[in-house]
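Visitor: I would like to go through this model by asking what justifies each label. Could you set every value against the definition behind it?

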Amino acid sequence: MQSKPITLAVAALLAVALAGCSDSKDSRRSRKSSSGTPGETASSKANDKPATKTEQAATEVADASTSKSTPAAEGGWGNLKGKFIFNGTRPVPAKVDVTKDQAVCGKHDLVDESLVVGEDGGLANVVVWVRTKNVKISPEYDALKTQKVIIDNKDCRFEPHIVTCWTGQPLELKNSDSISHNINAACLVNDPFNEIVSANSASDRKPLEKAETLPVKLSCNIHGWMNGILVAQANPYMAVSAKDGSFEIKNLPAGEALEFQVWQEKAGYVQKAEIGGNNTTWEKGRFKHAVKAGDNDLGTIKLDAGQFNKL
């Protein structure tokens with residue numbers, strides 16, 4: 001009667017032992033498999049090993065070298081702004097002597113616009129543009145490339161007085177007056193043009209394909225007092241100061257030291273400026289600024305009055 005329990009106990013022990021042997025064999029097979037087979041190469045084994053710190057650093061450097069490295073990707077875009085102040089006695093603009101078509105032109109209070117200073121000293125019509133070649137252009141300007149640049153004859157003057165043009169932009173010559181005008185553009189790099197624009201009409205003209213080295217003088221041979229300026233550059237980064245002297249150039253590539261140029265109709269290249277109480281000289285109107293993402297405010301820029309008597 002006691003032999004059956006003993007037999008069952010022995011059987012149970014044998015089952016446990018057999019299971020242990022099976023686990024041991026599987027474990028050995030697993031270790032053998034993980035250690036590699038004769039068909040594996042040394043490089044494939046190495047790839048299975050965790051990377052060392054040195055290997056990780058080398059991988060990061062390689063990844064950085066193959067990534068897209070552009071000012072926009074690294075630093076984004078920045079805006080450059082400031083305010084020009086005429087540092088001297090405010091000049092009173094001379095009135096225009098209307099010698100022709102007085103019935104139309106005589107009713108407008110026309111004045112010389114070559115030097116316009118506001119009551120608070122703000123200097124209008126100062127032009128600032130990026131001189132750096134092949135500057136990165138923000139996608140925000142994509143729509144501008146197909147936007148018309150309009151030179152209008154309105155109230156017997158050019159409107160606006162200063163026109164900025166990105167090379168390749170469509171150009172329209174317009175006359176909003178009830179009398180004929182002509183637009184004479186003394187281009188130096190592009191072909192100059194001199195076209196009659198009939199009353200209340202407009203006509204398209206081929207774009208300016210090349211940047212002009214200097215702002216181009218516009219005039220009307222019919223009405224001798226009419227003068228304006230056309231600025232044509234190979235990038236859209238241009239600004240004309242408003243009546244209060246303020247200006248802003250938006251979406252510049254951050255992370256770069258860009259070269260800017262400053263020009264005014266009476267002074268030519270603006271060379272003497274006071275910024276933050278410090279006097280500085282801009283040779284040929286040029287200065288460099290390291291653009292940061294966001295707003296780059298130059299603050300108040302006082303321009304010495306003596307340099308506006310050159311022309």
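Guide: Let us start with the salt bridges, of which the structure holds nine. This is a predicted model, in which local features need pLDDT of at least 70 and side-chain atom pairs count only at pLDDT 80 or more, while totals for chains, interfaces and linings use all residues. Residues are numbered from 1 along each chain as its sequence is written, and side-chain values use heavy atoms, with hydrogens and water left out.

Visitor: Why is the contact between Asp295 and Lys81 called a salt bridge?

Guide: The term requires a side-chain nitrogen of Lys or Arg within 4 Å of a carboxyl oxygen of Asp or Glu. The N to O distance between Lys81 and Asp295 is 3.7 Å, so the pair meets that cut-off. Asp295 lies in strand 19 and Lys81 in strand 1, so the pair ties together parts that are 214 residues apart in sequence; strands here are DSSP runs of E with at least two residues, helices are runs of H or I with at least four, and both are numbered from the N terminus.

Visitor: What makes Lys81 partly exposed?

Guide: Its relative accessible area is 26%, and the class covers what lies between buried (under 20%) and exposed (over 50%), computed with a 1.4 Å probe on protein chains only. Lys83, also in strand 1, counts as partly exposed at 27%.

Visitor: Which residue does Lys83 form a salt bridge with, and how far apart are the closest N and O atoms?

Guide: The partner is Asp120, with the closest N and O atoms 3.8 Å apart. This pair links distant parts of the chain, because Asp120 lies in the loop between helix 5 and strand 2, 37 residues apart from Lys83.

Visitor: How do you know that Lys148 and Glu172 meet in a salt bridge, and are these residues buried or partly exposed?

Guide: The N to O distance is 3.0 Å, which satisfies the salt-bridge limit. The pair joins Lys148, in the loop between strand 2 and strand 3, to Glu172 in strand 6 (residues 171-175), and the two are 24 residues apart. Lys148 is partly exposed at 38% relative accessibility, whereas Glu172 is buried, with a relative accessible area of 12%. Elsewhere, salt bridges that share partners join Glu113, Arg157 and Glu159 into one network.

Visitor: What makes strand 13 and strand 17 edge strands?

Guide: They belong to an open sheet of five strands in the order 13-1-19-16-17, with mixed pairing. Strand 13 (246-253) and strand 17 (278-281) each pair on one side only, where pairing means that DSSP finds at least two bridges between two strands.

Visitor: How do you know that strand 1 pairs with strand 19?

Guide: Nine bridges join these two strands, which run parallel, so the requirement for pairing is met.

Visitor: Why is the pair Phe86 and Phe308 called tilted?

Guide: The structure holds five aromatic pairs, a term for rings of Phe, Tyr and Trp (its six-membered ring) whose centres lie within 6.5 Å; planes under 30 degrees apart count as stacked, over 60 as edge-to-face and the rest as tilted. Phe86 and Phe308 are 5.5 Å apart centre to centre with 45° between the planes, so they form a pair and fall into the tilted class. Phe86 lies in strand 1 (residues 77-87) and Phe308 in the segment after strand 19 (294-304), so the pair ties together parts 222 residues apart in sequence. Both Phe86 and Phe308 are buried.

Visitor: What makes the pair Tyr141 and Tyr237 edge-to-face?

Guide: The planes stand at 85°, with 5.2 Å centre to centre, so both the pairing distance and the edge-to-face angle are satisfied. Tyr141 lies in the loop between strand 2 (126-130) and strand 3 (149-154) and Tyr237 in the loop between strand 11 (227-233) and strand 12 (238-240), so parts 96 residues apart in sequence are tied together. Tyr141 and Tyr237 are both buried.

Visitor: How do you know that the charged end of Lys145 sits over the ring of Trp166?

Guide: The charged end is 4.2 Å from the ring centre, and the term asks for NZ of Lys or CZ of Arg within 6 Å of the centre and within 35 degrees of the ring normal.

Visitor: Why is Asn134 called exposed?

Guide: Asn134 has a relative accessible area of 81%, so it passes the cut-off for exposed residues. Asn134 lies in the loop between strand 2 and strand 3, and its phi is near 55°, a positive value in a residue other than glycine.
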